[in-house]
Amino acid sequence: MRRLLDHGDLRIMMLANLNQKPSHGYELIKSIGQLTSGLYTPSPGVIYPTLTLLEDQQLIVAENTGNGRKSYSLTPEGKMHLEENTDVLEQIAQRLQETKSFRRGSLLSDEIEQALGNLRALLRHKLVTSELDETKLGQIADILNDAVRKIEAVNDALSKEGE
């Protein structure tokens with residue numbers, strides 16, 4: 001199977017997202033994770049430098065919205081760049097559709113894959129923005145370990161039904 005995203009595809013996907021509505025970096029992370037069915041969820045270490053690059057290229061503009069957050073939107077140049085790359089956007093959409101078709105035979109359901117992608121994106125965002133102290137990290141670990149025990153219990157119950 002070929003690569004999910006080629007060089008430059010993430011920038012085009014981000015521009016396409018921003019063409020639909022202005023967004024914060026974290027919203028872009030979640031949106032791209034959903035578009036790729038959780039197969040690729042970009043980290044803040046990828047998203048934010050790419051946003052800076054797009055801003056430097058004058059394809060997007062940032063607006064401070066408080067709490068140190070920025071909302072990004074397309075500039076007229078960004079809209080033109082996106083229009084010039086509609087073929088690239090169509091190729092990305094085709095690859096994502098092929099990937100979804102290929103994944104239908106996988107063991108994990110789309111809902112579980114999406115939930116895992118959302119969890120990864122959320123935790124990366126919280127860690128990068130330093131919103132988690134030792135206490136919160138411990139609480140999150142407890143919640144995740146509890147979820148593992150509950151999932152194992154569901155699996156054990158289903159296994160016993162099948163016997």
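# A tour of the chain, its hairpin and its two pockets

Begin with the whole chain in view: among contacts between residues at least 6 apart in sequence, 56% join residues at least 24 apart. Keep in mind throughout that this is a predicted model.

With the chain still selected, colour by secondary structure, and 7 helices and 2 strands should appear, following the pattern α-α-α-β-β-α-α-α-α when read along the sequence. Switching to a surface representation, you are looking at an accessible surface of about 10600 Å², of which 53% belongs to carbon and sulfur atoms. If you then colour by burial, buried residues account for 31% of the 163 residues in the chain.

**The hairpin**

Next, select residues 60-66, which form strand β1, together with residues 69-74, which form strand β2; the two strands run antiparallel and are joined by 6 bridges. Which residue of β2 is the bridge partner of G66? Picking out R69 gives that partner. Between the strands of this hairpin lie 2 residues, and one to select there is N67, which takes a positive phi near 55°. If you show side chains here, it may help to recall that in a regular strand the side chains alternate between the two faces of the sheet.

**The largest pocket**

Now move to α6 (110-128) and α7 (134-162), the elements that give two or more residues to the lining of the largest pocket. Select I112, A115, L116, L119, L144, A147, V148 and I151, which line this pocket, and display the space they border, which comes to about 290 Å³. What is the make-up of the lining in nonpolar, polar and charged residues? The lining divides into 8 nonpolar residues, with no polar and no charged ones.

**The second largest pocket**

For the last stop, select α1 (9-20), α2 (25-35) and α5 (86-103), each of which supplies at least two residues to the lining of the second largest pocket. About 250 Å³ of space lies in this pocket. To centre the view, pick M13, A16, L35, L89 and L96, which lie nearest the centre of the pocket among the 13 residues that line it. Colouring the lining by residue class shows 8 nonpolar, 4 polar and 1 charged, and this can be set beside the lining of the largest pocket, where the residues divide into 8 nonpolar, no polar and no charged.

How values were computed. Residues numbered from 1 in each chain as written. Predicted model: local features only at pLDDT ≥ 70, side-chain atom pairs only at ≥ 80, totals over all residues. Heavy atoms only, no water. 1 Å grid on protein atoms, 1.4 Å probe; cavity = no way out; pocket = protein on both sides within 12 Å on 5 of 7 lines; lining within 4 Å. Points joined across faces, edges and corners; volume = space filled by probe spheres on them. Helix = DSSP H or I, 4+ residues; strand = E, 2+ residues; numbered from the N terminus. Nonpolar A, V, L, I, M, F, W, Y, C, P; charged D, E, K, R; others polar. Buried < 20%, exposed > 50% of the residue type's maximum accessible area, 1.4 Å probe, protein only. Contact = heavy atoms within 4.5 Å. Areas by Shrake-Rupley, 256 points an atom, 1.4 Å probe, with all protein chains shown as cover. Pairing = 2+ DSSP bridges.
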